Amino acid sequence: MAGSSHGHTPAAWTGVTIAFIGFCVAGAFMVMAQPAGFWAGMAIVVIGGVVGWIMSAMGMGMPKDAHKPLATAQPESADAKS
């Protein structure tokens with residue numbers, strides 16, 4: 001999809017960055033065998049998703065009609081080819 005701007009919004013970048021930090025925290029605490037820290041990291045991952053969703057609802061994400069096709073081609077009927 002050349003030219004697509006999917007995910008290139010402040011909402012997407014912020015949500016993914018927070019979720020990535022949460023994933024790193026959860027991974028570090030998992031290696032250290034600390035369940036409370038692991039679940040805290042997983043909570044940060046969820047917070048990242050919520051923050052991205054809220055920012056998108058505030059208008060910092062992709063517009064709802066951004067993925068609609070620009071023009072639709074009408075298929076030729078069998079009668080037109082004769």
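This is a short dialogue on reading a predicted model of a protein chain.

Student: Let's start with the overall picture. How many helices and strands are there in the protein chain?

Tutor: The program finds two helices and zero strands in this predicted model. Buried residues account for 13% of the 82 residues in the chain.

Student: And what does the exposed surface consist of?

Tutor: About 6,500 Å² of the protein chain is exposed, and carbon and sulfur atoms supply 71% of that area.

Student: On to the helices. What should helix 1 span, and what does the model give?

Tutor: The general idea is to count 1.5 Å a residue. Helix 1 covers residues 10–31, 22 residues in total, so it should span 32 Å; its end C-alpha atoms are 32 Å apart, which agrees. For helix 2, with 26 residues, the distance from first C-alpha to last is 35 Å, close to the expected 38 Å.

Student: Which residues of helix 1 are buried?

Tutor: A residue is called buried when its relative accessible area is under 20%. In helix 1, that applies to Ala11, Gly15, Gly22 and Ala26. Look down the axis of helix 1 and you will find its buried residues within an arc of 40°, so they line one face of the helix.

Student: Which exposed residues does the face turned away from the buried side carry?

Tutor: On that face of helix 1 you will find Trp13, Val16, Phe20 and Val31, which are exposed.

Student: What covers the buried residues of helix 1?

Tutor: The cover includes helix 2, residues 35–60. Now turn to the partner: the buried residues of helix 2 are Gly37, Gly41, Gly48, Gly52 and Met55, and they pack against helix 1.

Student: Could we follow one of them? What is Gly41 in contact with, leaving aside its neighbours within four places in sequence?

Tutor: Gly41, in helix 2, has a relative accessible area of 0%, so it counts as buried. With those sequence neighbours set aside, Gly41 is in contact with Gly22, Val25 and Ala26. Two of these partners, Gly22 and Ala26, are among the buried residues of helix 1. The C-alpha atoms of Gly41 and Phe23 are separated by 6.1 Å, although the two residues are 18 apart along the chain.

Student: Is Gly49 buried, exposed or partly exposed?

Tutor: Gly49, also a residue of helix 2, is partly exposed, with a relative accessible area of 43%. Its C-alpha atom is separated by 9.6 Å from that of Ala11, 38 residues apart along the chain.

Student: How are contacts in the chain spread along the sequence?

Tutor: Take the contacts between residues at least 6 apart in sequence: 62% of them join residues at least 24 apart.

Student: Now the loop between helix 1 and helix 2. What is phi of Ala33 there?

Tutor: Ala33 lies in that loop, and its phi is near 60°, a positive value in a residue other than glycine. The relative accessibility of Ala33 is 59%, so it counts as exposed.

Student: Last topic: which residues make the nonpolar surface patch?

Tutor: Val46, Val50, Trp53, Ile54, Met58 and Met60 make a patch of about 630 Å². One of them, Trp53, is found in helix 2. Over 50% relative accessible area means exposed, and Trp53, at 64%, therefore counts as exposed.

Terms used
Residues are numbered from 1 along each chain as its sequence is written. This is a predicted model: local features need pLDDT of at least 70, side-chain atom pairs count only at pLDDT 80 or more; totals for chains, interfaces and linings use all residues. Side-chain values use heavy atoms; hydrogens and water are left out. Helices (H or I, at least four residues) and strands (E, at least two) are DSSP runs, numbered from the N terminus. The expected span of a helix is 1.5 Å times one less than its number of residues. Buried means under 20% relative accessible area, exposed over 50%, partly exposed in between (1.4 Å probe, protein chains only). The arc is that of the directions from the helix axis to the C-beta atoms. Contact means heavy atoms within 4.5 Å. Patches are made of residues with over 30% relative accessible area and no salt bridge: like charges are joined within 9 Å, nonpolar side chains (Val, Leu, Ile, Met, Phe, Trp, Tyr) within 5 Å. Accessible areas come from the Shrake-Rupley method with a 1.4 Å probe; for residues, only the protein chains shown count as cover. A salt bridge is a side-chain nitrogen of Lys or Arg within 4 Å of a carboxyl oxygen of Asp or Glu.
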